[in-house]
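Ready for a few exercises? Work through each task with the model on screen, then check your steps against the solution.

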Amino acid sequence: DICLNKADIFKVHGVYMASDTTTAAVAPTMTYSSASGSNITTSEIFQPGEKITGSNGAIARIITGGTSGSTTATTSFSYLTTKTFTVGTTLTSSQNTFSYALTITAVTAGDENILSNYTFDSGMRDTYYDLGSLSKKSGSAPPTGKLLIVFDYFTHGAGNYFSVDSYPVGTSVTSITYDEIPLYSAQRVD
């Protein structure tokens, strides 16, 4: 088992495996430019956690953002759909509106995503939130390189009661939609 060291994990997006045990695993990356023809501005840099959509229907969550001051910016991401980004795809954000169209100029695939080799345990229990984990499926090969695991989780403030109003529904970078709120059905009566 791989403990993710966070409670209340609601989605694992990828388990990227490096080709060996000495190299860090990497997620896919894209380089994009602005239709303004000028340098990328601070407002055109994607933020970690931001959900972006390509004109080709691909959707991804940003892992790391780029830097401004150059004609292009490079960011790492994890796909949320089976569709993938291609050169020439224009990008939109569910959290931000850009003055000019942002267009992909290069895409790298990143390391192999072996998420399908694992089962996911969110850590939700009848009476508490435990740490989330991944368990290797029987029959799947063990990893042979370093792993990068990309996942979303909720943080909690004071209190011990959770309802639909406990979740960050809205339009900010850290928001989700109502249909993304995880469902849990008790496994036993305490």
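## Exercise 1: A sheet around S2

Three strands make up an open sheet in the order S9-S2-S12, and their pairing is antiparallel. Keep in mind that you're looking at a predicted model.

**Task.** Find which strands sit at the edges of this sheet, and work out how many bridges join S2 to S9.

**Solution.**
- Step 1: Look for strands that pair on one side only; these are strand S9 (112-113) and strand S12 (147-153).
- Step 2: Now go to S2 and S9, which run antiparallel and are joined by two bridges.
- Step 3: To pin down one spot, pick Tyr-16, whose bridge partner in S9 is Asn-113.

## Exercise 2: A sheet around S11

**Task.** Here's another open sheet, with three strands and antiparallel pairing: in what order do the strands come, and which of them are edge strands?

**Solution.**
- Step 1: Read the order across the sheet, and you get S1-S11-S10.
- Step 2: The edges are S1 and strand S10 (118-121), as each of them pairs on one side only.
- Step 3: Check the twist: neighbouring strands in this sheet are turned by 20° against each other on average, if you ignore direction.
- Step 4: Take the S1 side, where S1 and strand S11 (residues 131-136) are paired antiparallel over three bridges. Cys-3 faces Ser-133 in S11, and Ile-2 has Leu-134 in S11 as its bridge partner.
- Step 5: Take the S10 side, where S10 and S11 pair, again in the antiparallel sense, over four bridges. Asp-121 stands opposite Ser-133 in S11.
- Step 6: Put the two sides together, and Ser-133 turns up opposite both Cys-3 and Asp-121.

## Exercise 3: Strand S6 and its partners

**Task.** Look at strand S6 (residues 72-79): how many of its eight residues are buried, and over how many bridges does S6 pair with S3 and with S5?

**Solution.**
- Step 1: Go along S6 and count residues under 20% relative accessible area, the cut-off for buried. Six of the eight residues in S6 are buried, leaving the strand mostly covered.
- Step 2: Strand S3 (residues 29-34) pairs with S6 in the antiparallel sense, over five bridges. In this pairing, Thr-31 stands opposite Thr-74 in S6.
- Step 3: Strand S5 (residues 59-64) pairs with S6 as well, antiparallel and over four bridges. Here you'll find Arg-61 opposite Ser-78 in S6.

## Exercise 4: Two residues with positive phi

**Task.** Asn-5 has a positive phi, and so does Asp-8. Where is Asn-5 found, and is Asn-5 buried or exposed? Do the same for Asp-8: where is it found, and is Asp-8 buried or exposed?

**Solution.**
- Step 1: Know what to expect: most residues other than glycine have a negative phi.
- Step 2: Asn-5 isn't a glycine, yet its phi is positive at about 60°. Phi of Asp-8, also a residue other than glycine, is near 60°.
- Step 3: Place them. Asn-5 lies in strand S1 (residues 2-7), while Asp-8 is in the loop between S1 and strand S2 (9-17).
- Step 4: Check their cover. Asn-5 counts as exposed because its relative accessible area is 55%, whereas Asp-8 is buried because its value is 0%.

## Exercise 5: A proline in a loop

**Task.** Where do you find Pro-142, and is Pro-142 buried or exposed?

**Solution.**
- Step 1: Trace the chain to the loop between S11 and S12, where Pro-142 is found.
- Step 2: Pro-142 has 53% relative accessibility, so it counts as exposed.
- Step 3: Now jump to Asn-117, 25 residues away along the chain: its C-alpha atom and that of Pro-142 are separated by 8.7 Å.

## Exercise 6: The whole chain

**Task.** Zoom out. How many helices and strands does the protein chain have, and what share of its 190 residues counts as buried?

**Solution.**
- Step 1: Count elements, and you reach zero helices and 12 strands.
- Step 2: Look at extent and burial. The C-alpha trace spans about 60 × 40 × 25 Å along its principal axes, and 33% of the 190 residues count as buried.
- Step 3: Turn to contacts between residues at least 6 apart in sequence: 67% of them join residues at least 24 apart.
- Step 4: Finish with the surface and charges. The accessible surface is about 10,600 Å², with 52% belonging to carbon and sulfur atoms. There are 10 positive and 15 negative side chains, and the centres of the two sets are 4 Å apart.

Notes. Residues numbered from 1 in each chain as written. Predicted model: local features only at pLDDT ≥ 70, side-chain atom pairs only at ≥ 80, totals over all residues. Heavy atoms only, no water. Buried < 20%, exposed > 50% of the residue type's maximum accessible area, 1.4 Å probe, protein only. Pairing = 2+ DSSP bridges. Axes fitted to C-alpha atoms, helices over the stretch in contact; angles between N-to-C directions. Contact = heavy atoms within 4.5 Å. Areas by Shrake-Rupley, 256 points an atom, 1.4 Å probe, with all protein chains shown as cover. Lys, Arg positive; Asp, Glu negative; His and termini not counted. Charge placed at Lys NZ, Arg CZ, Asp CG, Glu CD.
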